[in-house]
Amino acid sequence: MARSKATLCTWLGCPGLLGCFLLGFLAGWFTKPTDPPPNSSDVYQNVRQKLVADMKAENIKQFLRSFTKLPHLAGTEQNLLLAKQIQDQWKEFGLDSAELIHYDVLLSYPNEKQPNYISVIDDQGNEIFNTSLFEPRPQGYENVTDILPPYNAFSAQGMPEADLVYVNYGRTEDYFKLEREMGINCTGKIVVARYGKIFRGNKVKNAILAGAQGIILYSDPADYCAPGVDAYPDGWNLPGGGAQRGNVLNLNGAGDPLTPGYPAKEYTFRYKVNEGVGIPKIPVHPIGYHDAEVLLRSMGGPAAPDSSWKGSLNVSYNIGPGFADNSSTRKVRMHVHTNNKITRIYNVIGILRGAMEPDRYIILGGHRDSWVFGGIDPTTGAAVLQEVVRSFGKMKMEGWRPRRTIIFASWDAEEFGLLGSTEWAEENARVLQERAVAYINTDSSIEGNYTLRVDCTPLLYQLVYNLTKEILSPDEGYENKSLYESWLEKDPATEKTSYPRINKLGSGSDFEAYFQRLGIASGRVRYTKNRKVDKFSNYPVYHTVYETFELVEKFYDPTFKKQLTIAQLRGKLVYELADSQVIPFDCRDYGEALKFYSNRIYKLAKKHEEQLKTYKVLFDPLFSAVVNFSKAAAEFHRRLEQVDKKDPVAVRIMNDQLMFIERAFIDPLGLPGRKFYRHVIFAPSSHNKYAGESFPGIYDAMFDIESKADQREAWEEVKRQISIAAFTVQAAAGTLKEVA
């Protein structure tokens, strides 16, 4: 009290000081700017424009060059060093935090002392031909160490000897052709399949189901060489000595094979290695087309059934089993000594905390690990992620924060079965189910250079359309036109040709656990090939030693403008999801999608019209639920347009309904035989993990149903799956109704 009096007396005793203070205050008041402060929409526009304008193609180029200098396979020292480099840069860029999160998962590596290869043996067991032990290295990389030879991760060990059978792509329909129409039995044989069309793990599963002792995978020039293009390094085609690496698991969303459903931490119970989920029981090995030609040239047996079984090698593509004429006593021997071992992996998790809704998360994640240098897969995605983080970080350093929290993720061990992303999803599942708004994937940003490719939930259709209209197209001949215009012209949708094509989400990348298991709205965007003209699978040097920085710089994206465009689109998607007052989802597009996909599955069922009548199979409940969902969605958006934006509680209620609509399509029991795929509307195809299937429960129940022994039981399962789908859609409609 004494101190207060003394202070007061000091002021009263200094009228001159008090007068100066008042004079200065009044002068400042009357001379302040008369312009009103910028309103929130102006600030919003400035931030979103600056965010994109700050992204530079040259930065992406430098990140790509830096990240691809050395091999960085999951579980290796180099991949940990790269994780630490990314972590340090994220901290420099201004994120609130950047942490390394580790898991101990099952990985798979070739045996350095016992190389994997394939032999042709004579009747005495002598090896008269052996396939290559490694790929010839590209120029400039001759002295790089730690390049592992081509192998199929998680192959069983073994040295089986048997006659060879050519099984085309090794698809379900290829085995139907062999077994049901040609009378060829693969039991006890070694099969050889060309890469392409479906996920390699599905090829291995099909070989096991057919009774094969082993499977050899090769890349046929028909699928991995574009006409008129030279082999790398003179062009972007696959050289004859190149072989595609890749895992051959059938995890069905399980994550680490030894800890399915739970994070692979120190405290977690683990199955024995030989009990792991989805690990094949037969040897698998990849070879190049030069070696494949030697094996296929001597094949006996019947000719290929039709031209779709013939590739571009100078061979007849006879089926076998076994070799012809003078080689008829020869067999094939596989030598596979790959080891599986528990290894530590590291995700980098960066956080930019939200200012107003910090408990709502937008995740931008992509993997870092690669089979060798990862020139395209994944590093065109990792480089884009780095530039997006840099741009967001710069905005934060200048005083801006997003409305919602943004989580950036550099995943590890994607190539070994989406392990890093799945383990993190498992560890944080409870939190993510309550708080995650959306997941945007940032794997490879290019797999071609023709046009945009988008795979996403229907909730994101309108946002993607709107954002692509704001971004300039990088395509030649489309100067001053939008990305939307070039995309629409080059790849219109089959059904609605006035819109560009958007694909269903399948699997094959790190969005899987977030979309298929947790029901978080997800999407991915990248540049792709011309699907109408380019018949080669993926890009020719996929998962080989020839995926280098120079491949991208010289052939795929010399100006790095395509990758910059993807950075802008991914960045804008994250920004809009994180900073829009109302989450920019449109449920009405989900209603349209449900209508289309329910009609399509019914059309498929109508091929069995007699059985539908006999077993009283009705789709009416599903159609009714779809109509109800569409009505609920229309009514919801009508209310959304009228919501009081100044009432934070009202806005939050509507946002929560938007956030949870994807979650409403999740069945906690999962799909039959695939319990970690829980989305009732979309799932990876049972016959090709890469592709998405709609109403997968119904589709799988009807697949090849005419060959089922017990027809009544088979159609009862179809009825059960229709019931589950109808309930799920109806329940989802209920979540959109006005909150009581």
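Two strands count as paired if DSSP finds at least two bridges between them. Keep that in mind for the first part. The model I am showing is predicted.

Start with strand 1, residues 97–109, and strand 12, residues 339–352. They run antiparallel, and 13 bridges join them. With a cut-off of at least two bridges, that counts as a pair. To find one place where they meet, look at S97, which stands opposite I351 in strand 12.

Strand 12 also has another partner. Five bridges join strand 12 to strand 14, residues 404–411, and these two run antiparallel as well. Here G350 of strand 12 stands opposite F408 in strand 14.

Now the helices. Helix 20 covers residues 620–642, which is 23 residues. How far apart should its ends be? At 1.5 Å a residue, the helix should span 33 Å. The end C-alpha atoms are 34 Å apart, so the model agrees with the expected span.

Which residues of helix 20 are buried? They are L622, A625, V626, F629, A632, A633, F636, H637, R639 and L640. Note that the list includes H637 and R639. Among the elements that cover these buried residues are helix 18 (587–605), helix 21, helix 22 (696–702) and helix 23 (711–735).

Helix 21 runs over residues 648–661 and contains I653. Is I653 buried or exposed? It falls in between: its relative accessible area is 33%, so I653 is partly exposed. Together with V649 and V739, I653 forms a nonpolar patch on the surface. The three have about 250 Å² of accessible area together.

That is all from me.

How values were computed
Residues numbered from 1 in each chain as written. Predicted model: local features only at pLDDT ≥ 70, side-chain atom pairs only at ≥ 80, totals over all residues. Heavy atoms only, no water. Patch = residues over 30% accessible without salt bridge, like charges linked within 9 Å, V, L, I, M, F, W, Y side chains within 5 Å. Areas by Shrake-Rupley, 256 points an atom, 1.4 Å probe, with all protein chains shown as cover. Salt bridge = Lys/Arg side-chain N within 4 Å of Asp/Glu carboxyl O. Helix = DSSP H or I, 4+ residues; strand = E, 2+ residues; numbered from the N terminus. Buried < 20%, exposed > 50% of the residue type's maximum accessible area, 1.4 Å probe, protein only. Expected span 1.5 Å × (residues − 1). Contact = heavy atoms within 4.5 Å.
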